[in-house]
Amino acid sequence: MDLRAPSPAAVRWLPEEECASRVVLADRAARGEFAALQAVLHRLGVPTVRFDAAQADGGRDPLTISLDDGLVTLEGRSFRPTVVWARGPMPRAIPDGYAGSLIGADSWSALVGQLAALAPAGLPGGDRAGRLAQLAGAAAAGVRTPRTIVTTDPRTAEALKGDRLVVKVLDEHFVEAVPGRLVGLLAEVVGRETLMRRRPPGFPVIVQEYVEHDLELRVYYLDGDLHAFAVTKPSPDAPWRNPAAVSVRGMPVPPRAAEVVERLARGWGLTYGAFDLLLTPEDVVFLEVNADGDWRWFETKAGTRALTNAAAAMVMTLHANVQRAAAPPPIGDVLDFLVLGSETW
């Protein structure tokens with residue numbers, strides 16, 4: 001995955017005029033979601049600033065956050081964030097091999113991730129639980145999950161049934177070997193005999209039973225709003241290796257899938273999440289949820305902009321709620337409060 005595509009500027013303000021409060025969108029600019037989202041929010045009258053962590057230069061464009069009053073100063077402009085939406089992966093490459101570069105990359109990543117904690121509304125919300133915690137949480141909530149083991153030697157997966165098994169990494173699929181260039185190990189469906197002949201990878205991996213299914217779904221949860229895509233692909237890694245072979249179509253969310261997504265999103269405190277599910281004749285099978293899940297690729301394949309518009313509506317509502325909560329109460333409410341207070345003395 002190549003994230004080296006340049007953006008016009010590391011920081012993009014819409015509108016250009018000074019605004020007392022803004023929505024903050026922090027991402028790698030080469031991913032298209034936030035560029036499209038910022039354009040829609042601008043048309044809706046929501047002030048935004050889009051921040052590309054990969055191009056940030058703390059010396060040229062100083063960024064200061066006051067923990068006393070929550071004021072953010074960037075490029076000489078000061079504002080209070082109402083909603084902060086931060087999406088990974090953040091820059092992690094260290095081209096010169098110097099440990100200080102890694103500390104710097106981690107510091108930028110920590111700033112972008114923790115900025116959301118300083119705003120009244122933060123996205124995606126909840127905890128970014130790892131795959132094992134997600135599977136355990138879904139099972140505890142009564143949702144079916146694939147039978148799973150974690151092992152440094154997949155040849156020990158005899159306990160899992162079936163001739164085909166799914167192998168995936170335990171944490172992120174990608175690492176940033178050089179700045180802007182991601183390489184990774186993608187999930188794959190492997191025949192049992194093939195897997196038994198392989199050498200162990202030397203690190204822990206997830207091995208799961210392959211679940212026969214009627215339909216694979218990507219369901220997006222946006223603060224209670226749900227959008228679904230049916231996905232047909234020849235292999236789990238096809239969206240990266242052979243995107244032309246992948247078919248995506250928008251569809252109504254099946255009620256049983258909606259119930260599962262809403263239950264899990266509420267339980268995990270998510271405001272946004274991209275859920276991967278399988279539908280069988282009997283069950284909804286939970287695979288994982290990606291709190292940083294892209295949507296523009298699915299939109300483009302399905303020929304729609306429904307997700308970008310839904311994301312803009314969600315952020316606009318969160319922004320308006322923060323603005324409303326910060327506004328002084330109407331004079332009538334103040335008078336009612338004073339009268340009530342006088343009656344209690």
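Two strands pair if DSSP finds at least two bridges between them. Keep that cut-off in hand for this predicted model.

**Exercise 1. Decide whether strand 14 and strand 15 count as paired or unpaired, and give their direction.**

Step 1. Count the bridges. Seven bridges join strand 14 to strand 15.
Step 2. Apply the cut-off. A pair needs at least two bridges, so strand 14 and strand 15 are paired.
Step 3. Read the direction. The two strands run antiparallel.
Step 4. Find one bridge. Glu 216 has Val 231, in strand 15, as its bridge partner.

**Exercise 2. Lay out the five-strand sheet and find what packs on it.**

Step 1. Write the order: 16-15-14-17-18. The sheet is open, and its pairing is antiparallel.
Step 2. Mark the edges. Strand 16 (247-251) and strand 18 (284-290) each pair on one side only.
Step 3. Add the twist. On average, neighbouring strands are turned by 25° against each other, direction ignored.
Step 4. Place the helix. Helix 6 (residues 255-268) packs on the sheet and touches strand 14, strand 15, strand 17 and strand 18. Its direction makes about 140° with that of strand 17.

**Exercise 3. Describe the largest nonpolar core and name the elements that build it.**

Step 1. Take the size. This core has 30 residues.
Step 2. Pick out the residues with the most contacts inside it: Leu 37, Trp 85, Tyr 220 and Trp 295.
Step 3. List the elements. Those giving two or more residues include helix 1 (33-43), strand 6 (77-86), strand 14 (215-222), strand 15 (225-232) and helix 8 (306-326).
Step 4. Find the main contributor. Helix 8 gives the largest share, eight residues.
Step 5. Set the other core beside it. A core of 25 residues lies apart, with Met 251, Ala 258, Ala 265 and Leu 279 among its members.
Step 6. Look around Tyr 220. Beyond its neighbours within four places in sequence, Tyr 220 contacts residues including Phe 229, Tyr 272, Trp 295, Phe 298 and Leu 307.

**Exercise 4. Work out whether Glu 33 is buried or exposed, and what its side chain reaches.**

Step 1. Locate the residue. Glu 33 sits in helix 1.
Step 2. Test the burial. Buried means under 20% relative accessible area. Glu 33 has 2%, so it is buried.
Step 3. Follow the side chain. The Glu 33 side chain reaches the backbone nitrogen of Trp 295 at 2.8 Å. It reaches the backbone nitrogen of Arg 296 at 2.8 Å.
Step 4. Complete the surroundings. Leaving out residues up to four places away in sequence, Glu 33 touches Arg 87, Asp 294, Trp 295, Arg 296 and Trp 297.

Note on methods: Residues are numbered from 1 along each chain as its sequence is written. This is a predicted model: local features need pLDDT of at least 70, side-chain atom pairs count only at pLDDT 80 or more; totals for chains, interfaces and linings use all residues. Side-chain values use heavy atoms; hydrogens and water are left out. A nonpolar core is a set of buried Ala, Val, Leu, Ile, Met, Phe, Trp, Tyr and Cys residues joined through side-chain atoms within 4.5 Å. Buried means under 20% relative accessible area, exposed over 50%, partly exposed in between (1.4 Å probe, protein chains only). Helices (H or I, at least four residues) and strands (E, at least two) are DSSP runs, numbered from the N terminus. Contact means heavy atoms within 4.5 Å. Axes are lines fitted to C-alpha atoms, for helices over the stretch in contact, and angles run from 0 to 180 degrees between N-to-C directions. A polar contact is a pair of N or O atoms within 3.5 Å; within protein, one must be able to donate a hydrogen and the other to accept it, and residues adjacent in sequence count only if both atoms are side-chain atoms.
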